[in-house]
Amino acid sequence: MADANLQSFDKRLRRIDKRHRKLSRGYVHTIGHDGLIVSTPRRRVERRFPIRGLVLVAVGVFAFKGFLYAQLGGATYTQRVDKLAAGTSVEQVGAYMMQADPATLWVAGHLNKILP
């Protein structure tokens, strides 16, 4: 008799611990049809690839490159990128990334109209 009660008690404890672990990751309060407030675990959301973040980083990089191109001028900018290309392998990768591309030239053209 005691064994059956102990097994039932252990089963309840495992269920309570499992629910507690789920609720510790976040929960939502809902009101049941009887008016009782019940805490339910928040559903796990699959992590998606952060496309918005990557687009914002790309726009920031092109804006930065365009600003540099507009401030330094085409000749000075190209000279500095060439100097960077003559450096180490990391600097060569940076030089490749900083080359003046059509997007950079477009941003620089618009910034030249705005900046004094």
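# A walk from the loop at F49

Start by selecting F49, which sits in the loop between strand 2 and helix 2 (51-72). You are looking at a predicted model. Is F49 buried or exposed? F49 counts as exposed, because its relative accessibility is 62%, and the cut-off for exposed is over 50%.

Now add I51, L54, V55 and V59 to the selection. Together with F49 they form a nonpolar patch on the surface. The accessible area of this patch is about 520 Å² in total.

**Back to the hairpin**

Step back along the chain to strand 1 (residues 27-31) and strand 2 (residues 37-41). These two strands run antiparallel, and five bridges join them. Select H29, then find its bridge partner in strand 2, S39.

Next, pick T40, another stop in strand 2. T40 is partly exposed, with a relative accessible area of 29%. Draw a distance from its C-alpha atom to that of H29: you should read 6.3 Å. Along the chain, T40 and H29 are 11 residues apart.

Then look at the turn. Five residues lie between the strands of this hairpin. One of the hairpin's residues, G35, takes a positive phi near 90°.

**Along helix 2**

Return to helix 2 and show its backbone. How many residues does helix 2 have, and what should they span? There are 22 residues, which at 1.5 Å a residue should span 32 Å. The end C-alpha atoms are 32 Å apart, so the model agrees with that expectation.

Which residues of helix 2 are buried? Select K65, G66, Y69 and A70 to see them. Turn the view until you look down the axis of helix 2. The buried residues fall within an arc of 135°, so they line one face of the helix. A general rule helps here: an α-helix has 3.6 residues a turn, so residues three or four places apart point the same way.

Now color R52, L56 and V57. They are exposed, on the other side of helix 2.

**The salt bridge**

Zoom in on K65. K65 is buried, because its relative accessible area is 3% and buried means under 20%. Its partner is D101: the two form a salt bridge, with the closest N and O atoms 3.3 Å apart. Searching the whole structure finds one salt bridge.

What does the pair tie together? K65 lies in helix 2, while D101 lies in the loop between helix 4 (89-98) and helix 5 (102-114), so the pair links parts that are 36 residues apart in sequence. D101 counts as partly exposed, at 22% relative accessibility.

**On to helix 5**

Move from D101 into helix 5. Its 13 residues should span 18 Å at 1.5 Å a residue. The end C-alpha atoms are 19 Å apart, which agrees.

Select T104, V107 and A108, which are buried in helix 5. Look down the axis of helix 5 as well. Here the buried residues fall within an arc of 100°, so they line one face of the helix. Swing around to the other side of helix 5 for P102, W106 and K113, which are exposed.

**Last stop**

Finish at L115, in the segment after helix 5. L115 counts as partly exposed, at 26% relative accessibility. Draw one more distance, from the C-alpha atom of L115 to that of A70: the separation is 8.4 Å. The two residues are 45 residues apart along the chain. A70 brings you back to helix 2, where A70 is one of the buried residues.

Notes
Residues numbered from 1 in each chain as written. Predicted model: local features only at pLDDT ≥ 70, side-chain atom pairs only at ≥ 80, totals over all residues. Heavy atoms only, no water. Pairing = 2+ DSSP bridges. Helix = DSSP H or I, 4+ residues; strand = E, 2+ residues; numbered from the N terminus. Patch = residues over 30% accessible without salt bridge, like charges linked within 9 Å, V, L, I, M, F, W, Y side chains within 5 Å. Areas by Shrake-Rupley, 256 points an atom, 1.4 Å probe, with all protein chains shown as cover. Salt bridge = Lys/Arg side-chain N within 4 Å of Asp/Glu carboxyl O. Buried < 20%, exposed > 50% of the residue type's maximum accessible area, 1.4 Å probe, protein only. Expected span 1.5 Å × (residues − 1). Arc of directions from axis to C-beta.
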